[in-house]
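The following questions and answers introduce a structure to a reader who meets it here for the first time. Please keep the sequence and the model in view while reading.

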Amino acid sequence: MLRLASFAAFLASWWAGSLAAGEALLPSPLTVLAAIVAEARSGALFFNLGVTLLRVALAFVLAMSLGTALGYLMGRLRAADRFGDPWLILLLNLPALVVIVLAYIWAGLTETAAIAAIAINKLPNAVVTIREGTRALDPALDEMARVYAMPRWRAFRHVVLPQLAPFIAAAARSGLSLVWKIVLVAELLGRPNGVGFEIGTAFQLFDIARILAYALSFAALVQAIEALVVQPFERRASRWRHHA
């Protein structure tokens, strides 16, 4: 009920703002809904949402896989942490726009350059979160695994991974929200399709209703993934902590 009340308050505020500013500056919810229906009927809405979602998925999987491996290595080995920390600080403070522009200049306006740039922007956040989770591992459990002569893979699977699971879930949740934003910038600057490209086109035409139509459709898709995939995974990954 609270979420429904929040959604109703959002619509009421939007409607009031539209009445105050006028349709030219802030189209009403009905106008934006009509634009969404028109884009959906033409097929452009579903195509562009699908293309953007595919880019998000590829960049997210690439960044999380590499970031988890590097974060675990830096958390376990002090030499690796000292060697990689300057690179990590550099990537954390490098603007996403710079990475995207350089990727397009060096690799061309290609799909590979876009996905690589998005993954590089997400990578340091995953590394930092997993590194802190690795540093928080219980040494007593590692000692127990050695005492019982557990094979390395089995010890990692049953001793290390359950402790890292909440940190992996946190990295996934924060990283996913970051990837959503960066992929739109990459599409706006150098791709011929996707939600970011359509928003850029609508901006050039001063079509505010179309901008809001794509933005809200994308936001609704993100909310669905957050509620159906990310939050259940985070609860499942952290369930052992509640029992403790």
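Contact means heavy atoms within 4.5 Å. The model discussed here is predicted.

Q: Leaving aside neighbours within four places in sequence, with which residues is Gly-17 in contact?
A: Gly-17 lies in helix 1, which covers residues 2-21. With neighbours within four places in sequence set aside, the residues in contact with Gly-17 are Gly-22 and Leu-26.

Q: How many Å separate the C-alpha atoms of Gly-17 and Phe-156?
A: Gly-17 belongs to helix 1. Along the chain, Gly-17 and Phe-156 are 139 residues apart. The separation of their C-alpha atoms is 54 Å.

Q: What distance lies between the end C-alpha atoms of helix 6, and what span should its residues give?
A: Helix 6 runs over residues 111-135 and has 25 residues. At 1.5 Å a residue, these should span 36 Å. The distance between the end C-alpha atoms agrees with this expectation, because it is also 36 Å.

Q: At which residue does helix 6 bend, and by about how many degrees?
A: A proline, Pro-124, follows within four residues of the bend. The residue at the bend is itself placed in helix 6. Helix 6 bends there, at Lys-122, by about 30°.

Q: Is Lys-122 buried or exposed?
A: Setting aside residues up to four places away in sequence, Lys-122 touches Ala-63, Met-64, Ala-171, Gly-175, Leu-178 and Val-179. Its relative accessible area is 0%. Buried means under 20%, so Lys-122 is buried.

Q: Which members of the largest nonpolar core touch the most other members?
A: The largest nonpolar core has 37 residues. Those touching the most other members are Met-64, Ile-118, Leu-176 and Trp-180.

Q: Which helix supplies the largest share of this core?
A: At least two residues of the core come from each of helix 3 (44-76), helix 5 (96-107), helix 6, helix 8 (152-190) and helix 10 (208-237). The largest share is 11 residues, and its source is helix 8.

Q: Leaving aside neighbours within four places in sequence, with which residues is Trp-180 in contact?
A: Trp-180 is one of the core residues that touch the most other members. Beyond its neighbours within four places in sequence, Trp-180 is in contact with Leu-53, Val-56, Phe-218, Val-222 and Ile-225.

Q: How many residues form the second, separate core?
A: Among the members of this second core are Trp-14, Val-32, Ala-35 and Ala-209. The number of residues in it is 5.

Q: How many residues apart are Glu-39 and Arg-210, whose side chains meet in a salt bridge?
A: The salt bridge has an N to O distance of 3.8 Å, and both Glu-39 and Arg-210 are buried. Glu-39 is in helix 2 (residues 29-42), whereas Arg-210 is in helix 10. The pair links distant parts of the chain, with a separation of 171 residues.

Q: What is the distance between the closest N and O atoms of Arg-55 and Glu-111?
A: This salt bridge links Arg-55 in helix 3 with Glu-111 in helix 6, 56 residues apart. Arg-55 counts as buried because its relative accessibility is 3%, while Glu-111 is partly exposed at 30%. The closest N and O atoms of the pair are apart by 2.3 Å.

Q: Which residues do salt bridges with shared partners join into one network that holds Asp-81 and Arg-135?
A: The side chains of Asp-81 and Arg-135 meet in a salt bridge of 2.7 Å, N to O. Asp-81 lies in helix 4 (residues 78-93) and Arg-135 in helix 6, so the pair ties together parts that are 54 residues apart in sequence. Asp-81 is buried at 13% relative accessibility, whereas Arg-135 is partly exposed at 44%. The residues joined into one network are Asp-81, Asp-85, Arg-131, Glu-132 and Arg-135.

Q: Which arrangement do the rings of Tyr-72 and Phe-156 have?
A: A search of the whole structure finds 5 aromatic pairs. Tyr-72 in helix 3 and Phe-156 in helix 8 are 84 residues apart. Their ring centres are 5.5 Å apart. Planes over 60 degrees apart count as edge-to-face, and these planes stand at 80°, so the pair is edge-to-face.

Methods
Residues numbered from 1 in each chain as written. Predicted model: local features only at pLDDT ≥ 70, side-chain atom pairs only at ≥ 80, totals over all residues. Heavy atoms only, no water. Expected span 1.5 Å × (residues − 1). Bend = angle between axes of the 7 residues up to and from the residue. Core = buried A, V, L, I, M, F, W, Y, C linked by side-chain atoms within 4.5 Å. Buried < 20%, exposed > 50% of the residue type's maximum accessible area, 1.4 Å probe, protein only. Salt bridge = Lys/Arg side-chain N within 4 Å of Asp/Glu carboxyl O. Phe/Tyr/Trp six-rings, centres within 6.5 Å; stacked < 30°, edge-to-face > 60°.
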